[in-house]
Amino acid sequence: MALPLSILDLAHIGEGETAADSLAASVTMAQRAEEWGYRRIWYAEHHNMPTIASSATSVLIAHVAAHTRTIRLGAGGVMLPNHAPLTIAEQYGTLATLHPGRIDLGLGRAPGSDQQTMRAMRRNPAAADEFPQDVLELQGYLTGESRIPGVEATPGKGTDVPLYILGSSLFGAQLAAMLGLPYAFASHFAPAALEEAVELYRRDFRPSAQLAEPYVIAGVNVIAADTAEEAQAQFLSAKRKRVSLLLGRGRAFTPEEADAVLESPAGQQILQMTRYSAVGTPGDVAAELDRFAGHAHADELIVVSAAPERAAWLRSLELLAQVSGLVTA
């Protein structure tokens, strides 16, 4: 692999685990990823999801940063319409002050939750429409050029925390191009618009103080194992778990029930979400990632390990690092 490799950690809470177990595993993985040579780890803001522990991204990043030394850490991302830009500038400005040169801030406009949870967060349904203005306001606080007279972020002012626009549609591509910011596409779960969005972003990109040339990060699911059969078995288990997560409404499906759902129209939609997945032996995975990187015209890949068990999760990332030349086997 010629491209940098990074990790999206969903802070998954497995069966029989607590949130504390999940967060401890995230620290362990970050320490190993740092040793293995990954560029960055991002954490995504989700709310009211009993299987994901990364709802408070800045708090989680602070904890992981205190237990690592060099790897970049960030949000992939903060759902900015859920927050006041000043608050996010202060949070990430504090992180950058404590851990200079290590903090990223990816920004999205989705709620990261359902309608009922949006109400609980006091989110205005129209807040997404103000996303471009909120990004500019946030950027002003971090660069020290506030767009609101008399209001500055402390800490935050002058930290120049790098911003990334996240997206799965043409909107994010257009905004990232217009503002001259890096663009991260969520092709690991929303693959449909990848090619068109990246083409639009690269075509319309305007250089900025942060970035002179377009920069694309593309998400991809990865399961690397010692044998292809083992990797495919893990992938099937991951797809079954996704059925319960997305369609279960609080109930878990048996493997047989999940397989039947996967053969239905609703199941086919779930399978489409995993279109960009590299599964197999380390060599198979490396070859597929090379192909995907060219297909996505990506400058960096951010991988999501779909392996359902902790040991397999870590082993998958270790094997990928070895075969990609990040570390010596």
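Asp-160 sits in the loop between helix 5 and strand 5, and that is a good spot to start a tour of this predicted model. The phi angle of Asp-160 is near 50°, a positive value in a residue other than glycine. Most residues other than glycine have a negative phi, and most peptide bonds are trans. Asp-160 is partly exposed, because its relative accessible area of 47% falls between the 20% and 50% cut-offs.

The loop that holds Asp-160 has another backbone feature. Pro-155 lies there too, between helix 5 (131-143) and strand 5 (163-167). The peptide bond leading from Thr-154 into Pro-155 is cis, with omega near -10°.

A cis bond also turns up inside a strand. Gly-77 belongs to strand 3, which covers residues 72-79, and the bond from Gly-76 to Gly-77 is cis with omega near 5°.

For a positive phi in another loop, look at His-297. It is not a glycine, yet its phi is about 50°. His-297 lies between helix 11 (282-296) and strand 9 (300-305). Is His-297 buried or exposed? His-297 is exposed, since its relative accessible area of 51% is over the 50% cut-off.

Now for the chain as a whole. It has 12 helices and 9 strands. Its radius of gyration is 19 Å, close to the 20 Å that the globule rule gives for 329 residues, so the chain is as compact as a globular protein of that length. If you like to picture a box, the C-alpha atoms fill one of roughly 60 × 45 × 40 Å along the principal axes.

Buried residues account for 50% of the 329 in the chain. If you take contacts between residues at least 6 apart in sequence, 72% of them join residues at least 24 apart. The accessible surface adds up to about 14,700 Å², and 53% of that belongs to carbon and sulfur atoms. As for charge, there are 25 positive and 36 negative side chains, and the centres of these two sets lie 3 Å apart.

On to the aromatics. How many aromatic pairs does the count come to? The count comes to 5, and two of the pairs are set out here.

| Pair | Distance between ring centres | Angle between planes | Geometry |
|---|---|---|---|
| Tyr-183 and Phe-185 | 6.2 Å | 75° | edge-to-face |
| Tyr-201 and Phe-205 | 5.7 Å | 75° | edge-to-face |

Both pairs count as edge-to-face because their planes stand at 75°, and the cut-off for that label is over 60 degrees. Tyr-183 and Phe-185 are both buried, and Tyr-201 and Phe-205 are buried as well. These four residues, Tyr-183, Phe-185, Tyr-201 and Phe-205, form one aromatic cluster.

Last stop: Ala-252. You'll find it in the loop between helix 8 (228-247) and helix 9 (255-262). Ala-252 counts as exposed because its relative accessible area is 62%, over the 50% cut-off. Leaving aside neighbours within four places in sequence, Ala-252 is in contact with Ser-244 and Glu-257. Then there is Gln-268, which is 16 residues from Ala-252 in sequence and 19 Å away in space, going C-alpha to C-alpha.

Notes
Residues numbered from 1 in each chain as written. Predicted model: local features only at pLDDT ≥ 70, side-chain atom pairs only at ≥ 80, totals over all residues. Heavy atoms only, no water. Helix = DSSP H or I, 4+ residues; strand = E, 2+ residues; numbered from the N terminus. Rg over C-alpha atoms; globule rule 2.2 N^0.38 Å. Buried < 20%, exposed > 50% of the residue type's maximum accessible area, 1.4 Å probe, protein only. Contact = heavy atoms within 4.5 Å. Areas by Shrake-Rupley, 256 points an atom, 1.4 Å probe, with all protein chains shown as cover. Lys, Arg positive; Asp, Glu negative; His and termini not counted. Charge placed at Lys NZ, Arg CZ, Asp CG, Glu CD. Phe/Tyr/Trp six-rings, centres within 6.5 Å; stacked < 30°, edge-to-face > 60°.
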